[in-house]
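Trainee: I'd like to practise reading a fold with you. Could we start with pockets and then move on to the strands?

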Amino acid sequence: MSLIPSFFGNRRSNVFDPFSLDVWDPFRDFTSSSLMTPSPEISSFVDTRIDWRETPEAHVFKADVPGLKIEEVKVEVEDDRVLQISGERNVEKEDKNDTWHRVERSSGKFMRRFRLPENAKMDQIKAAMENGVLTVTVPKMEVKKPDVKAIDISG
């Protein structure tokens, strides 16, 4: 007798469905409804991945925001040099005649914050969105090289 069917709740898989083995629910036997219902703050937060790259001329942030429109994304800078990228991905409207088999795309609000370095030109920040990628470019101030003056050594 195999332990695997009892471990997965005696469910059988469908060889034609690549996700059919993904049916085990470790929380299936919990009876508390508070454990099964996530709080709105947790269920509505979307994990947005952002890359931060520094070039000799600028700090460049790239965020994956597939399916979002420009008006659904905000780029803001606070006084204390904090860049904030936020937005909201809305839940798709349900139709009573639809049968949902799987919901894996996340929806809800997202917000990421980054403290910008001292060399950031706060008044020249630019943002653009293309093909589901938001690019925020923060130009850097030129680093002034100190003036070097040779001093004659007497002796």
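Mentor: Sure. Keep in mind that this is a predicted model. Rolling a probe the size of a water molecule over the atoms shows where empty space is left. Here, the largest pocket comes out at a volume of about 510 Å³.

Trainee: Which residues are the closest to the centre of the largest pocket?

Mentor: Asn90, Val91, Glu92, Arg105 and Ser107, out of 17 residues that line the largest pocket. By character, the lining splits into 8 charged, 5 nonpolar and 4 polar residues.

Trainee: Now the overall layout. How many helices and strands are there in the protein?

Mentor: The protein has 3 helices and 7 strands. Going along the sequence, you read α-α-α-β-β-β-β-β-β-β.

Trainee: Okay, how do I read the pairing of those strands?

Mentor: Strands of a sheet pair through backbone hydrogen bonds, either parallel or antiparallel. Take strand β3 (residues 73-78) and β4: they pair in the antiparallel sense over 6 bridges. One residue pair to look up is Glu76, whose bridge partner in β4 is Gln84.

Trainee: What links β3 and β4?

Mentor: They form a hairpin, with 3 residues between the two strands. Check Arg81 in the turn, which has a positive phi of about 65 degrees.

Trainee: And what does β4 do on its other pairing?

Mentor: β4 also runs antiparallel to strand β5 (residues 108-115), joined by 8 bridges. There, Ile85 has Arg112 in β5 as its bridge partner.

Trainee: Is β4 (residues 82-89) largely enclosed or largely open?

Mentor: Largely enclosed by the rest of the structure, because 7 of its 8 residues are buried. For the whole protein of 155 residues, the buried share is 21%.

Trainee: In which order do the strands of the open sheet run?

Mentor: That sheet has 4 strands in the order β1-β2-β7-β6, with antiparallel pairing. β1 (50-54) and β6 (126-130) stand at the edges with a single partner strand each, so one side of each has no neighbour in the sheet. From one strand to the next, the twist averages 15 degrees.

Trainee: How many bridges join β2 to β7?

Mentor: There are 7 between strand β2 (residues 58-64) and strand β7 (residues 133-139), which run antiparallel. As a landmark, find Phe61, which stands opposite Val136 in β7.

Trainee: Last one: how do I read contacts by sequence separation?

Mentor: Take the contacts between residues at least 6 apart in sequence: in this protein, 53% of them join residues at least 24 apart.

Methods. Residues are numbered from 1 along each chain as its sequence is written. This is a predicted model: local features need pLDDT of at least 70, side-chain atom pairs count only at pLDDT 80 or more; totals for chains, interfaces and linings use all residues. Side-chain values use heavy atoms; hydrogens and water are left out. Buried means under 20% relative accessible area, exposed over 50%, partly exposed in between (1.4 Å probe, protein chains only). Two strands pair if DSSP finds at least two bridges between them. On a 1 Å grid over the protein atoms alone, a cavity is a set of points where a 1.4 Å probe fits but cannot get out, and a pocket is an open set with protein on both sides within 12 Å along at least five of seven lines; lining residues have an atom within 4 Å of a point. Grid points are joined across faces, edges and corners, and a volume is the space filled by probe spheres set on the points. Ala, Val, Leu, Ile, Met, Phe, Trp, Tyr, Cys and Pro count as nonpolar, Asp, Glu, Lys and Arg as charged, and the others, Gly among them, as polar. Axes are lines fitted to C-alpha atoms, for helices over the stretch in contact, and angles run from 0 to 180 degrees between N-to-C directions. Contact means heavy atoms within 4.5 Å.
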